[in-house]
Amino acid sequence: MKIHEYQAKSILSGYGIPIPKGEVASTPAEAGAICARLGKPVVVKAQVHAGGRGKGGGVRPASSPEEAERVASVLLGKRLVTPQTGPQGVKVAKVLVEEMVRVAKELYLGAVVDRKTAKVVIMASEAGGVEIEEIAALEPERVLQVQIDPGLGVQAYQARRVGYALGLNPALIPSWSRLVSSLYRAFSEIDATLVEINPLVVLEDNSLLALDAKINLDDNASFRHPEWKDLGSSEAEDPLEVEASRYRVNYIKLEGNIGCMVNGAGLAMATMDIIKLCGGEPANFLDVGGGASAEQVENAFRLLVSDPHVKAILINIFGGILRCDVLARGVLEAASKLKVRVPVVVRLEGTNVEEGRRILRESGLDLLVATGMQEAAEKAVSAARA
């Protein structure tokens, strides 16, 4: 789960990490009122689930309440295009209005899971700011990494070593060490997969401030975090992805026109690859899982036909836990209810495959049946073009 900057800052503030004064606004008038309450120049920041907002014009200064209101009116309700959103952009429903501060130095600080070592890695760089992705790619040696033993947590010497390596003023090292420990504690306790402060700034008075923050939460831990229900932002997510989460289906919207329904993430990736190899473009990643019911298959099918860009559907199932006959009944139920008007290619293998093929063959529906993955992909690409 991705959450907005203002939500991430609120969480980090609860762990003692200093953040700028500010409030979130949903209307231009609210933005102007917040600026008036702060009584100083502000920065108006679009709240979307994408990085590169500054490059896309989503972070703008305002020196007065009137200007804050005007800037908010430009951002709210518009689609913000950044290097991470794609050309379609993301609609801005809220803005964060916070005090403008005088920055002496920008740093980067983050925590992420290293799955190879089963440890959390603390990452830091003296090159914080909007170019950190490019620096990490071109000059990885400028990003310091420290592996944290989950049984011990961040040790004081580890935090100090990183602080001195970043060239911090020795007088700042104690507060830096506390901040790093707080970041790790937050990461662990909220079940995050990523916590990132970029930039973490050193102010002119030699204090630290989290000027921006990003947190990704592990959906698998939602059962022990009832408070997460208030963090979701359906307006910032693709409507089909929101609907898929209600059906407990793994779905990611893509830019192509061939809808894919597959069981198993590896087979789904292979299916998308072979579609591209045959000259087509997948419209989505959709994994119905190994033990899907006929109802889940029907709901997955509903997602595919709800996408107006889909011109053909490819169903690629290897029956193991999910039997081919269950899949076939789910497809027929969905097709009859939804009055599907695009070509459907079905490739089945595995448990009860002959029964599944019989069900499809005797359904009376106009389905294209394939016996191999390449044949299925070729039929789907050809059908989408036609």
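Which backbone oxygen lies 3.2 Å from a polar atom of the side chain of Ser182? In this predicted model, that oxygen belongs to Tyr15. Ser182 itself is found in helix α6, and its relative accessible area of 12% falls under the 20% cut-off, so Ser182 counts as buried. Once neighbours within four places in sequence are left aside, the residues in contact with Ser182 are Tyr15 and Ile17. Tyr15 therefore appears twice in this small picture, as a contact of Ser182 and as the owner of the backbone oxygen at 3.2 Å.Helix α6 also leads to the nonpolar interior. This helix spans residues 173-189 and supplies eight residues to the largest nonpolar core, the largest share of that core. The core as a whole has 42 residues, and those with the most contacts inside it are Leu109, Trp176 and Ile215. Ile215 gives a good view of the surroundings. Apart from neighbours within four places in sequence, Ile215 touches residues from the start of the chain, including Met1, Lys2 and Ile3. Ala8, Ile11 and Leu12 are also in contact with Ile215, as are Ile190, Ala192, Leu194 and Val195. A second core, separate from this one, is made of 31 residues, among them Val288, Leu304, Leu322 and Val326.

Another polar side chain in the interior is that of Thr271, a residue placed in helix α8, which covers residues 265-277. With a relative accessible area of 1%, against a cut-off of 20%, Thr271 is classed as buried. What does the side chain of Thr271 make a polar contact with? The partner is the side chain of Asn316, at 2.9 Å. Asn316 is also listed among the residues in contact with Thr271 beyond four places in sequence, together with Val262, Leu314 and Met373.

The last part of the picture concerns a pair of helices. Two packed helices can be described by the angle between their axes and by the distance between those axes. For helix α2 (residues 28-38) and helix α3 (residues 65-75), the axes come within 7 Å and cross at roughly 150°. The crossing of α2 past α3 is right-handed. On the α2 side, the residues that meet α3 are Pro28, Ala29, Ala31, Gly32, Cys35 and Ala36. Their counterparts in α3 are Pro65, Ala68, Glu69, Ala72 and Ser73. Sorted by class, this contact has eight nonpolar residues, two polar residues and one charged residue.

Notes
Residues numbered from 1 in each chain as written. Predicted model: local features only at pLDDT ≥ 70, side-chain atom pairs only at ≥ 80, totals over all residues. Heavy atoms only, no water. Axes fitted to C-alpha atoms, helices over the stretch in contact; angles between N-to-C directions. Helix = DSSP H or I, 4+ residues; strand = E, 2+ residues; numbered from the N terminus. Left-handed = near helix turned anticlockwise from the far one by under 90°. Contact = heavy atoms within 4.5 Å. Nonpolar A, V, L, I, M, F, W, Y, C, P; charged D, E, K, R; others polar. Core = buried A, V, L, I, M, F, W, Y, C linked by side-chain atoms within 4.5 Å. Buried < 20%, exposed > 50% of the residue type's maximum accessible area, 1.4 Å probe, protein only. Polar contact = N/O pair within 3.5 Å; in protein donor to acceptor, adjacent residues only side chain to side chain.
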